[in-house]
Each structure stands twice: as structure tokens, then as C-alpha cells.
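Subject: Structure handover and what was found in it

Hello,

I am passing on the structure we spoke about, and below it you will find my notes. Please read them with the model open beside you.

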Amino acid sequence: MNILENISLKPYNTFGIDAKARFFVDITGLVQLQKVLELKAYPKKFIISGGSNMLLTKDIDALVMHIKLEGISIVDENEDTVEIKAMAGENWHKLVLWCLDRGYGGIENLSLIPGNVGTAPIQNIGAYGVELKDVFVSCTAMEMATGELVAFDKDECHFGYRESIFKNEAKGKYIITSVNLRLTKRDHELHTGYGAIEGELKNMGIVYPTIRDISDAVIAIRRSKLPDPKELGNSGSFFKNPVISKKAFDKFIKKNPKAPHYETNDDQFKIPAGWLIEQCGFKGKRFGDAGVHDKQALVLVNYGNATGQEILALSEQIQEEVHKRFRIKIQPEVNIIK
Ligand code: EPU
């Protein structure tokens, strides 16, 4: 087992924050993972996988376990559907492409989301009208205290909008090792209702889209709005879209009749945080190397050498301004490591 010391985590988080790991080890197998968890010499442990949903605001004084568990397999199939098992360290978009190559439908709308398979259930990744929970069957996780593998079915994961048990009761207790998804082999349920997808398919001249066409449309939309972490450090949407009560919404929309909004199925209203942030004048603004993306105000970016503290300070300034102007509290979606 190769335990390294004082390693920069810059290549391991999509924000590109140059925080250091006191100790660092690549995890490539389940037995090795169990052994590392048992190591008494390193009592403090920290997990990093795709590093696409975290903001590191300090060095990590622990053993950083970099999850590199790999493999995708079919566990069950019939004429109509297939259940696949993907190991946690697989790149999410690579899994989407693997499915498209085989004609498996269900995750094409989730194309190009940065990060790895194991992180997908933690925040119930979602985009363009589809969430992970729509295709999720179960996941396996290793309990950190015991090294035991535990299965979580869909109900047990308590999925919500960018939420799951792994962000709440189970936080810090488990390492997700694999995820099972059920996908369609034919009669795919296409989700093209999301405005931007319809428009993009039209641009592409497509009337009867295949799952590959939908993926291509999503990729085109994402590329036009969201920065590629390889070129500009970022963590996707930094904030969640706030959900407010009908009473608060009525007041809000009177004052802001042009605000985009969506009614949720429990009589509440979701307001795009990107719009609120843009109204406060932050879109495209840069403060040193920390900034707000010029094409999507919900995305904070690192122009090169921003520290996690600088990004955090900017996010707090945005929260304050949005609250001052709209009386709405926006909360980070990204896991802030303080
Ligand atoms: N808007 C603005 N200004 C901005 C950004 C957005 O006015 O700078 C307005 C848009 O004009 C539109 C509305 O806000 O009317 C919604 O914008 P968009 O379709 O870009 O989606 P979003 O609500 O900002 C969410 C997800 C994204 C996901 C898209 C598409 C969250 C927190 N974010 O963004 O997810 O890709 O919908 O489904 O729910 C992520 O989680 O990292 C992520 C990128």
C-alpha cells in the first residue's frame, strides 16, 4: 500500500483548489479499502472521488482516500430493461457513453455532468428534467467504522432535490463503492420537455430524437453555458435553486413580475438562483482569481490560483446580497470543507 505524504489536491478537485493532503492513498479494491479503514496509524480519514462537488477551504490533515474503484457490468436483463452495476470510481460521463453505445436509455439527459459514479447518489445529480433517482435501483457502501458492505435501496436513500441520506443522517459514515441503475433497452422514455433541449433539437434539425440525439443536445447546451473544469476550475451550480412558500412567492412575484419560476408538486415555488444572482449584478464579475461565470451566474469559477477561502468569501457575499435584495436565502449545493 503506497501512502504518500503532503500531496497537492489540485488535480483531484474540479475547482482546482491547491489544498494539501497530509497523507494520500489511491483505493483500487474493496479489500484494500477495508484494510485502509483499519489502519490505526491514520485515525482521521477523508474521501475524495471525482472531486466535482466540493470546495476545499483548507489543507486536509488526514489520510485522503482517493476512490479509484473501476468496472461496469450487467447484473440482470430482460427484453425491455437492463440493470447495470458501476463501480464508484468510474467517471460519470464515461458511464453515460457506455450506455449510449449499447442503446441503454435513461441517463442521456445527465450527459457531461462532471464527477464520478459514487458521488452521483450523494446529491442525486440532476439536469434537464431527469434526476439520478429516476433510474436508481440501489447502491453499496462500506461503513467506515466497521468495514462492512451495506446495501441501500432507493427508498433508503431518501432522495430529494440535490439531497440524499448521504448528505444528512449518513454523512461521513459510509463510502459508496458501487451503484446499480435500471435502464431501458427499447421504448425509451424520452425527456425532451425541458425548454433548452427542445430548442437545441430543433437547431439540430431533429424531429424524432434518439437517446444519442438527446445526449448530443445536452452536451451542446452544457458546453455553451457551463465551463469545462479542465479549462476553468468550477463545481457546477454552486447554490441550490431556492424553494419558497406560496405566500412568499406571491409577494416576490408582485415585486419581480419577470422572474422565471417553476411550481413544485407540493404547492411551493422554485426560483432559479442564477437569475437572482444575475439581478444582483454578479454575473461575469471577477474578484482576483475568484469569479462568477459570465454565461451562468449559478457557477462560481477559479481563474487559476483562487484559494478555497476566496471562493467561500465570494459565495457568502452573494448570499448576503441576494438576501438583502430579495429576502430569499440561497444555500450552497457544493460540499464546503471547512
Ligand atoms: N438564469 C438567469 N441568469 C443566469 C442563469 C440562469 O437569468 O445567469 C435563468 C435562465 O434564464 C432560466 C433559469 O434561470 O430562466 C434556469 O436556468 P438554467 O436552465 O440554466 O438552469 P438552472 O436552474 O440555473 C439547474 C441545475 C443545473 C442543471 C440545469 C439544467 C440546480 C442547482 N442547477 O440550473 O445543474 O444543469 O438546471 O437542468 O438545480 C449542477 O447541479 O451542477 C448543475 C449544473
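Arg-327 has a positive phi of about 60° and comes just after H7, where a helix is a DSSP run of H or I of at least four residues, a strand is a DSSP run of E of at least two, and both are numbered from the N terminus. Please keep in mind that this is a predicted model, in which local features need pLDDT of at least 70, side-chain atom pairs count only at pLDDT 80 or more, and totals for chains, interfaces and linings use all residues. Residues are numbered from 1 along each chain as its sequence is written, and side-chain values use heavy atoms, with hydrogens and water left out.

Helix H7 itself covers residues 308-326, and its 19 residues reach 27 Å from the first C-alpha to the last, close to the 27 Å expected at 1.5 Å a residue (the expected span is 1.5 Å times one less than the number of residues). Its buried residues are Gly-308, Ile-311, Leu-312, Leu-314, Ser-315, Ile-318, Val-322 and Phe-326, where buried means under 20% relative accessible area, exposed over 50% and partly exposed in between, with a 1.4 Å probe and protein chains only. These residues lie on the same side of H7, because they cover an arc of only 160° around the axis, the arc being that of the directions from the helix axis to the C-beta atoms. The face turned away from that buried side carries the exposed residues Glu-320 and Lys-324.

The largest nonpolar core has 45 residues, and among those that touch the most other members are Ile-311, Ile-318 and Ile-330; such a core is a set of buried Ala, Val, Leu, Ile, Met, Phe, Trp, Tyr and Cys residues joined through side-chain atoms within 4.5 Å. H7 gives the most to this core, with six residues. The core also draws at least three residues from each of domain 1 (4-67) and domain 3 (233-337), with domain bounds that come from an automatic or database domain assignment.

Not counting residues up to four places away in sequence, Ile-330 touches several residues, including Ile-318 and Val-322 of the helix just described, a contact being heavy atoms within 4.5 Å. Apart from this core lies another, of 41 residues, among them Ile-84 and Ile-176.

Lastly, Gly-105 is found in the loop between helix H2 (92-101) and strand S8 (126-127), and Gly-105 is buried, with a relative accessible area of 2%.

Best wishes
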